[in-house]
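Here's a quick briefing to read with the structure open beside you. Have a look at the fold first, then work through the bullets.

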Amino acid sequence: MDRLESMAVFIRVADLGSFAAAAGDLDMSPQMVAKHVMSLEARLGVRLLNRTTRRQSLTEVGNTYLQRCRVVLAEDAAADAVAQELAAEPRGRLRISAPSTFGAQRLAPFIARFLRQFPKLEIDLVLSDGFVDLVEDGFEVAFRTGMLTDSRLMARALSPFLLVACASPAYLGERGAPIEPADLKRHECVGFAHWPPKMVDEWRFVREDTVYEVSIRSRLRVNNARALLAAAREGFGIVLIAQDLVRDELASGQLVRVMPDFEVPSRDLHMLYLADRQQTPKLRAFIDNAIHEFKL
């Protein structure tokens, strides 16, 4: 059996959790799906999946092999695109990673417009506030906030990620509004767990070129920006949150900006892609359009 096709089938089984679901998605019989997986297992001499009557789950070896399969198929697709090459109309599938808030509020609307411009393109947009590895996780583009550490990647600086400190009118009516950063020590502050540890526990503000740092108290920490928003709406405390996510709430008065005389330092935003990978027409089109959309 064709090994690349078998890898693609194996990936769908792993993603969907069963031979039957993969068969429906791939328009082939469950028996043929099973043959593809067994062909890989026979060639490798290991079991990739644990079978039950209702669901298949990855073995430890299967999980590692899955990540490599994603990379192999991504490279195969890139090779095909390069062979068809340069003047070709952008086509095929792009796998893109982005932080949850930026992805939902700003990137998804841009992608919808981008796909209308290029009807032969498809995009898998995966939103996560956790770290992703472009090579290991099979992404062609990733957006990241904060500091960069991976020298294998090309990084394009984009318009920074703006933050704002705010709370509900109910909370401020009960506890009073902080006037300056030091007042936050007496308030409930909701922490965002995906920030670096120092940023979770110490918030920074700027006024007239002076930086103010304050250690905040977080009885509640969350790892999702929408959960942060929900806690603020519920009146639990003060949050430091993406301005894009609370724009409507601030306009309607559901949330109120606190300490408006103090600015919150923005977070750097970069678009990343592999430095040593040939840019296919689809990747080049996305990079060029994203830079124009989110330029500094």
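Helix H11 lies across strands S3, S4, S5, S6 and S14, and its direction is at about 40 degrees to that of S3. Keep in mind that this is a predicted model. The bullets below start with the sheet, then go to the helices, the core and one arginine.

**The sheet**
- Five strands make up an open sheet, running in the order S4-S3-S5-S14-S6, with mixed pairing.
- S4 and S6 (153-161) sit at the edges with a single partner strand each, so one side of each has no neighbour in the sheet.
- On average, neighbouring strands here are turned by 20 degrees against each other, if you ignore direction.

**How the edge strands pair**
- At one edge, S3 (residues 92-98) and S4 (residues 121-127) run parallel and are joined by seven bridges.
- Look for alanine 98 if you want a landmark: its bridge partner in S4 is leucine 127.
- To get from S3 to S4, the chain passes through helix H5 (residues 100-117), and this β-α-β crossover is right-handed.
- At the other edge, S6 and S14 (residues 267-274) run antiparallel, again with seven bridges.
- Phenylalanine 161 has arginine 267 as its bridge partner in S14.

**H5 on the sheet**
- H5 packs on the sheet and touches S3, S4, S5, S6 and S14.
- The direction of H5 makes about 175 degrees with that of S4.

**The nonpolar cores**
- The largest nonpolar core has 60 residues, and the ones touching the most other members are Leu107, Phe143, Trp203 and Phe286.
- H11 (residues 281-293) gives the most to this core, contributing six residues.
- There's also a second, separate core of 17 residues, with Ala23, Ala34, Leu40 and Cys69 among them.
- Back in the largest core, leucine 107 has contacts beyond four places away in sequence that include Ile96, Ala98, Leu125, Phe143 and Phe286.

**Arginine 144: buried or exposed?**
- Arginine 144 counts as buried, because its relative accessibility is 14% and the cut-off for buried is under 20%.
- You'll find arginine 144 in strand S5 (residues 141-145).
- Its side chain reaches the backbone oxygen of valine 132 at 2.5 Å.
- Leaving out residues up to four places away in sequence, arginine 144 touches Phe131, Val132, Leu134, Leu153, Asp268, Leu269, His270 and Leu272.

Methods
Residues are numbered from 1 along each chain as its sequence is written. This is a predicted model: local features need pLDDT of at least 70, side-chain atom pairs count only at pLDDT 80 or more; totals for chains, interfaces and linings use all residues. Side-chain values use heavy atoms; hydrogens and water are left out. Two strands pair if DSSP finds at least two bridges between them. Helices (H or I, at least four residues) and strands (E, at least two) are DSSP runs, numbered from the N terminus. A crossover is right-handed if, with the strands pointing away from the viewer, the path from the first strand over the helix to the second runs clockwise. A nonpolar core is a set of buried Ala, Val, Leu, Ile, Met, Phe, Trp, Tyr and Cys residues joined through side-chain atoms within 4.5 Å. Buried means under 20% relative accessible area, exposed over 50%, partly exposed in between (1.4 Å probe, protein chains only). Contact means heavy atoms within 4.5 Å. A polar contact is a pair of N or O atoms within 3.5 Å; within protein, one must be able to donate a hydrogen and the other to accept it, and residues adjacent in sequence count only if both atoms are side-chain atoms. Axes are lines fitted to C-alpha atoms, for helices over the stretch in contact, and angles run from 0 to 180 degrees between N-to-C directions.
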